[in-house]
Amino acid sequence: MRFCLPTLLLFFSLTPGAAAWAGPPAGQVLYQKNCAPCHGANGRKGLSSAHDLTKSNLNAYGRAYLVTNGFGKMPSFKKTLSEVQIQQIVAYSLTLR
Ligand code: HEC
């Protein structure tokens with residue numbers, strides 16, 4: 001997350017109520033809620049043959065497509081998550097190593 005911290009700080013320093021912001025990034029919260037049950041908090045759980053996300057070669061575009069539409073046993077999140085939320089989750093999933 002180091003790369004987007006300055007941007008975040010800039011954004012929140014210009015936003016009223018910035019002091020109220022605390023806690024983990026949205027993508028992480030969404031990931032823990034929607035993806036961790038199968039993929040695990042660190043991406044490696046592999047429940048019902050969920051792929052190891054730390055070894056995935058898919059880029060952001062491929063991951064967003066898969067999360068939106070589902071694939072095999074992986075459910076589609078089209079109805080449960082907004083496009084922005086999917087982008088946030090995907091960005092977070094790319095940090096799992
Ligand atoms: C119900 C269990 C389940 C949930 C919940 C789930 N996944 Fe998956 N996921 C899977 C399975 C199973 C596969 C393998 C699909 C296949 O190849 O048939 C997979 C594959 C993937 C892949 C492809 C990895 C690769 O390179 O092959 C990505 C990326 C992924 N999931 C991301 C996510 C994200 C992000 C979320 C949360 C929005 C999520 N998944 C939620 C079960 C799940």
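**An all-helical predicted chain and the packing around α5**

The protein chain contains five helices and zero strands. Along the sequence, these elements follow the pattern α-α-α-α-α. The model is a predicted one, and a look at its confidence is a helpful place to begin. The average pLDDT of the protein chain is 86, and 78% of the residues score at least 70. Confidence is lowest in helix α1 (residues 5–13), where the mean is 54, and highest in α4, where it reaches 97. Of the 97 residues in the protein chain, 13% are buried. Among the contacts with a separation of 6 or more, 51% link residues 24 or more positions apart.

Helix packing comes next, starting with the pair α4 and α5. Two packed helices are described by the angle between their axes and the distance between the axes. For helix α4 (residues 60–69) and helix α5 (residues 83–93), the angle is about 125° and the axes are 9 Å apart. Since roughly perpendicular ends at 115 degrees and roughly antiparallel begins over 145, α4 and α5 are therefore oblique to each other. Their crossing is right-handed. On the α4 side the contact is made by Ala60, Arg63, Ala64, Val67 and Thr68, while α5 contributes Ile86, Gln87, Ile89, Val90, Ala91 and Ser93. By residue class, the contact of α4 with α5 divides into seven nonpolar, three polar and one charged.

Helix α5 also packs against α2. Here the angle is about 90°, with the two axes 8 Å apart, so α2 is roughly perpendicular to α5. The α2 residues in this contact are Ala26, Gly27, Gln28, Leu30, Tyr31 and Asn34, and those of α5 are Gln85, Gln88, Ile89, Ala91, Tyr92 and Ser93. The contact of α2 with α5 comprises six nonpolar and six polar residues, with no charged ones. Ile89, Ala91 and Ser93 of α5 take part in the contact with α4 and also in the contact with α2.

Two tyrosines give a residue-level view of the packing between α2 and α5. Tyr31 lies in helix α2 (residues 26–34). Tyr31 counts as buried because 24 C-beta neighbours fall inside 10 Å, the threshold for burial being 20 or more. Leaving aside residues up to four places away in sequence, Tyr31 touches Ala36, Ile89, Tyr92 and Ser93. Tyr31 and Ala41 are ten residues apart in sequence, and their C-alpha atoms are 8.0 Å apart in space.

Its partner Tyr92 is found in helix α5. With 21 other C-beta atoms within 10 Å, Tyr92 is buried too. With residues up to four places away in sequence again not counted, Tyr92 touches Pro25, Gly27, Gln28 and Tyr31. Gly27, Gln28 and Tyr31 also appear on the α2 side of the contact between α2 and α5. Towards α4, the C-alpha atoms of Tyr92 and Ala60 are separated by 10.0 Å, with their positions 32 residues apart along the chain; Ala60 itself belongs to the contact of α4 with α5.

The loop between α3 (36–39) and α4 offers three further residues for a closer look, one of them being Thr54. Thr54 is partly exposed, because 14 other C-beta atoms lie within 10 Å; this count falls between the limit of 12 or fewer for exposed residues and that of 20 or more for buried ones. Thr54 and Arg97 are 43 residues apart along the chain, yet their C-alpha atoms are separated by 4.7 Å. The residues touched by Thr54, not counting those up to four places away in sequence, are Gly43, Arg44, Leu96 and Arg97.

Ser48 and Ser49 are located in the loop between α3 and α4 as well. The backbone of Ser48 has a phi near 40°, a positive value in a residue other than glycine. Ser49, likewise not a glycine, has a positive phi of about 55°. Ser48 is exposed, with 9 other C-beta atoms within 10 Å. Ser49 also counts as exposed, because 9 C-beta neighbours lie inside 10 Å.

Note on methods: Residues are numbered from 1 along each chain as its sequence is written. This is a predicted model: local features need pLDDT of at least 70, side-chain atom pairs count only at pLDDT 80 or more; totals for chains, interfaces and linings use all residues. Axes are lines fitted to C-alpha atoms, for helices over the stretch in contact, and angles run from 0 to 180 degrees between N-to-C directions. Helices (H or I, at least four residues) and strands (E, at least two) are DSSP runs, numbered from the N terminus. Angles under 35 degrees count as roughly parallel, over 145 as roughly antiparallel, 65 to 115 as roughly perpendicular and the rest as oblique. A crossing is left-handed if the near helix is turned anticlockwise from the far one by less than a right angle, and right-handed if clockwise. Two residues are in contact if their C-beta atoms, placed from the backbone, lie within 7 Å. Ala, Val, Leu, Ile, Met, Phe, Trp, Tyr, Cys and Pro count as nonpolar, Asp, Glu, Lys and Arg as charged, and the others, Gly among them, as polar. pLDDT is the predictor's confidence in each residue, from 0 to 100.
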